[in-house]
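Colleague: Hi, have you got a moment to go through this one with me? I'd like to start with the ground rules and then look around.

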Protein chains: 2
Amino acid sequence: MSARSMVTLIERKKRGEAQTLDELEWICRGFLAGEIPDYQVAAWLMAVRWRGMTEVETFALTHALVASGESFEWSEDRPVVDKHSTGGVGDKTSIALVPLLAAAGVTFVKMSGRGLGHTGGTIDKLESIPGFQVDLEPARLREQVAAIGCALVGQSPEMVPADGALYALRDVTATIDSLPLIASSVMSKKLAGGARAIVLDVKHGSGAFMADEEEAEALARVMVAIGVGAGRRVRAVLSPMSEPLGRAVGHALEVREAIDVLRGSGPPDLVELTLDLGAHLMVLSRCTPSLEDARIALHRLLASGVGADKLEQLISAQGGDARIVAEPDRLPTAPVVRVVESPESGWSEGFDARAVAGVLLDLGGGRRTKADRIDHRVGIRILVRRGERVEAGQPVAEVHATGSEAWGGASAAILEALGISSEPLEIVPAARRVIGE
Amino acid sequence: MSARSMVTLIERKKRGEAQTLDELEWICRGFLAGEIPDYQVAAWLMAVRWRGMTEVETFALTHALVASGESFEWSEDRPVVDKHSTGGVGDKTSIALVPLLAAAGVTFVKMSGRGLGHTGGTIDKLESIPGFQVDLEPARLREQVAAIGCALVGQSPEMVPADGALYALRDVTATIDSLPLIASSVMSKKLAGGARAIVLDVKHGSGAFMADEEEAEALARVMVAIGVGAGRRVRAVLSPMSEPLGRAVGHALEVREAIDVLRGSGPPDLVELTLDLGAHLMVLSRCTPSLEDARIALHRLLASGVGADKLEQLISAQGGDARIVAEPDRLPTAPVVRVVESPESGWSEGFDARAVAGVLLDLGGGRRTKADRIDHRVGIRILVRRGERVEAGQPVAEVHATGSEAWGGASAAILEALGISSEPLEIVPAARRVIGE
C-alpha cells in the first residue's frame, strides 16, 4: 500500500465504513515507520472522531496497537492483575491498592502513564518519594514481581509504541475525546502488560475525563468487550466524581494519603473505593469466591498494617526511601502551608474537582504541556466535604504553596471552587455500577 | 496565537462552532508561513468536512484565501467577465465562449486550472495547440486584454497561494468533497481574478464532480452568495450531465470541437450551453437587456465566423499557431484512429461520462497524479447520442490511441460505457436552472 492507499482508507472512514484488522495494522505500522505522513493520520483520526468505530473495529485497532510493540507474559501459576482508572482529581487509589492486594496474595503489576492537564499521573505522584525509580528494565521488573508480588512502574517505551505516537498526534489535533481511540489506547496497554484479570475504574462527572455518565458507560462496555475478546477477565466499575477523591490533591500529599489508607486512617470515600476495586480484583482473580469475603479479607489487612509493610517493600525494591511510610514527614513539603477560611456560613456543596485541579496546575503541581516539570510539594488539602456545615471563619482547605504570593492566588481560587448553600443538602450516596462478568 | 491555539480552533470546529474572519485569516497565513503544521490543518480540514461552515464563515474563508495573495484589478471602463465550471467530461465551453464574447464586445479573462482525475483542464486542452503559452506575466496579460479583449491563461502562482496549499493537502487527506471548501476555493480564484460579472456553470449527474442535484444547488447558492457579498454580479446555471458534453473527449479533439462551435458546426448540446452561458454573461455585464437579445446577437456572431477570428487573435497573442483554427488538421493527431462498432442493435442509453473519462485516462490523456504528463493526441469521439437508434455493426465511437494495443483496451472499455436498450427511450430535454440575480 502507498500514500494513495491511505487516502482511500481516510475516504472510507469519512464515509462511515469500518476498517479491517489488516488495514489498522497497516496504518499503525506505516505511521510508526514514517511511511504514512502525520497529516494523513491526523485527517484519519478526525474522521474516526467523527464516525466512530464498531466494537469489532475498536478491538482490531487495540490488537494493532499491541502488535506494534512488545508484550509481557507472566507465569500461569501466578496470574497477574491490573487496574486502570480513566483519571480523576485526587485519585491515588493505585498507590494503596497495589501493595494491599499483594499483601492479600494477588500479584499486581501496575503500569501507569504520566499526568497531563487536569488529572495527575500515579507515576508522577510516586516520584515525590526520594529515590523512587519508576522505570525498570523488564528483567528487573520480573525479579521484583517474583520477590514481592507487586510493582508500580511506568510504561516501557517498547510497549505499544504506536499508541504513544498516535496519542501525541491526537493531543495536538483535538482528537483525544474519541471513545474508540480512548478505549483502544487504554486497553492496548492493559493487554500488552499481560494481566489476566483487569478492573477498570471508569469515572464520570465534573471531576472526571468524561462528564457524561452515558458516555462513561459506553466507554466501559467497549473496554470490557475488548478485554474479554482478548481472553482476559475484565470488569468495569462506574463511579461518579464531582468532588476530588479523598482530601489530598497534589503529589506528595496524595502519597501521604495513600499511606493513611494502608494504615487504616484514610478518608472514607478513598478507603471505600480502594476496598471496592480490590474486592473486584480478588474475585476476578479467583482469590475469593464473593465480593463480601474479599471485603472482609481486605478490611483485616488494612487493620493489621501488612499493606503498609508491603508498600515499604515496594518502595525499597524500586530504590526509594521506604522510611516515608512510617515517617511521612520525610516526603517533600511546601514552604508555605496555611489554611483558607470560609467567608460565609452555610452548608458545603463540595469543591468542584476540575476547579481544584486548576488550582493545582497554578501552584505548579501539574503539566500544561508534556515538557513541564512538576513541583511535588505543592497541593491542596480539603477540610470540608459536601453536605457538612461550615461557619464563617472556619478553615475549609489547606493550601501548600511555594511562596506567599502563590498561596494568595491559590487560596482565592480554592474558595471560588467551593459552593456554600444557605440550606442543608440532601446527600444521596452515589451508587457504583459494575459492567462485565 | 501558537500551535496550542490551533488545537483550540480545531476543537471548536469539531464541536460545530463557526470560525471568525480573523481566525480563518490566521489559519491561512500560519499554514502558508509554515507556522501551523500540516497535521493540524489536516485535522481541521476533516472537521470542516464533518461540520460544514455557515455561509458567512465560507465567505470569510474565501476572503482569507484571497488575502493570502495578489488580486487583479481591471479598469471600470471595461469591466471584465469570468466564468467557472465545476468540471465535466468533454467540457470545452470556455475555449469557444471566451473569443465569442470578446467578439461581442465583452472583455473576458479566463484563468483556469489544470485537470486532475476524471475532469480535464482548459489549460491542458489549450496546450495541444503548438506553441500556445498559458502562463503570462501580469503586465503582458494586461496588454493582451487591452489589445484584443480576451485571454485564456493559467492561474498565476501569486494569486491565492493559500488555496493552492490547502488544495494539495485536501487531495491527500480525502477532504476534497466539502461544500464550503469547494465553494471558497472556486470563488477565491474568481474574486482574485478581478471580474465584475461571473457566471458559474454548476454541473450535476454521473459525469460531474457532484452527482447529486441538491448538493450542486447548495454549492451554487453558496458560491453566488460569496460573489454577491464581494460586490460582484454572479449567476449560477445548474446543468445536468450524464453523457459527455459534445462529441469529443481528449485534448486536441476538444480544441477542434470548440473551433467547430465558433464556425457554426458544433454539436447541438455544446452550442446550446455556449449560447446559454454567453447570454447570461452579456446580461450580467449589461451588454444586452435580455437573454433573448443576447442569444440572437451571439447566434449572429457564430454564423459570421468573427468568434473564430477572435480565437485566431487570441492564439497568436499567446504565441500559438493560429493556423489551427482554419486548418484543424495541424493539431496533433494520434497514430491509431479507428471506429468501434456496436455488437448489438437497440437504442443508445448514452455513454456514461465518468466511464468515458476513465477510458481517456487509460489512453494516457489525463492525470492520475499531479506529476503525470498528458498525451494531447489521444481521445474518444462519440458517434451516437442518447436515444438514437443503433444497429449491430454500426460505428458508435472513434478511439484515438497511441497504438493498436491501447486502441484494443480502450475500444472494449468504451463499449462497456455505452448502454443499449431493447426499447426506444423517452428523451426529456434536461432543464437548466438559474440561481442568482
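Modeller: Sure! Helices (H or I, at least four residues) and strands (E, at least two) are DSSP runs, numbered from the N terminus. With that, B:Lys14 lies in helix α1 of chain B.

Colleague: And the bookkeeping?

Modeller: This is a predicted model, where local features need pLDDT of at least 70 and side-chain atom pairs count only at pLDDT 80 or more, while totals for chains, interfaces and linings use all residues. Residues are numbered from 1 along each chain as its sequence is written, chains are lettered from A and ligands numbered from 1 in the order in which they are written, and side-chain values use heavy atoms, with hydrogens and water left out.

Colleague: Back to B:Lys14, then: buried or exposed?

Modeller: B:Lys14 is buried, at a relative accessible area of 1%. Buried means under 20%, exposed over 50%, partly exposed in between (1.4 Å probe, protein chains only).

Colleague: What is B:Lys14 in contact with?

Modeller: Taking contact as heavy atoms within 4.5 Å, and skipping neighbours within four places in sequence, B:Lys14 is in contact with A:Met46, A:Arg49, A:Ala174 and A:Asp177, among others, and with residues of chain B including B:Trp50. The side chains of B:Lys14 and A:Asp177 are joined by a polar contact of 2.6 Å. A polar contact is a pair of N or O atoms within 3.5 Å; within protein, one must be able to donate a hydrogen and the other to accept it, and residues adjacent in sequence count only if both atoms are side-chain atoms.

Colleague: How many salt bridges does the rule find across the interface of chain B and chain A?

Modeller: The rule finds 2, and it asks for a side-chain nitrogen of Lys or Arg within 4 Å of a carboxyl oxygen of Asp or Glu. B:Asp177 and A:Lys14 form a salt bridge through their side chains, at 2.6 Å from N to O. For polar contact, 6 residue pairs turn up across the interface of chain B and chain A, both residues at pLDDT 80 or more.

Colleague: Which element gives the most to chain B's side?

Modeller: α3(B), with 9 residues. By class, the side of chain B that touches chain A has 11 nonpolar, 2 polar and 7 charged residues. Here Ala, Val, Leu, Ile, Met, Phe, Trp, Tyr, Cys and Pro count as nonpolar, Asp, Glu, Lys and Arg as charged, and the others, Gly among them, as polar.

Colleague: What area is buried between the two chains?

Modeller: About 1,900 Å² between chain B and chain A, with 66% of that from carbon and sulfur atoms. In chain B, the residues that lose the most area to chain A are B:Tyr39, B:Met46 and B:Trp50, together 31% of what that side buries. Buried area is the accessible area (1.4 Å probe) that two parts lose on being put together, summed over both.

Colleague: How are the copies related?

Modeller: A turn of 180° and a shift of 0.0 Å along the axis lay chain B on chain A with an RMSD of 0.0 Å. That is the relation of a two-fold axis. The copies are superposed by least squares on the C-alpha atoms of residues with pLDDT of at least 70 in both.

Colleague: Switching topic: where does A:Ile435 lie?

Modeller: A:Ile435 lies in strand β13 of chain A, residues 433–436, and is buried, with a relative accessible area of 6%. A:Ile435 and A:Arg235 are 200 residues apart in sequence but 5.7 Å apart in space, C-alpha to C-alpha.
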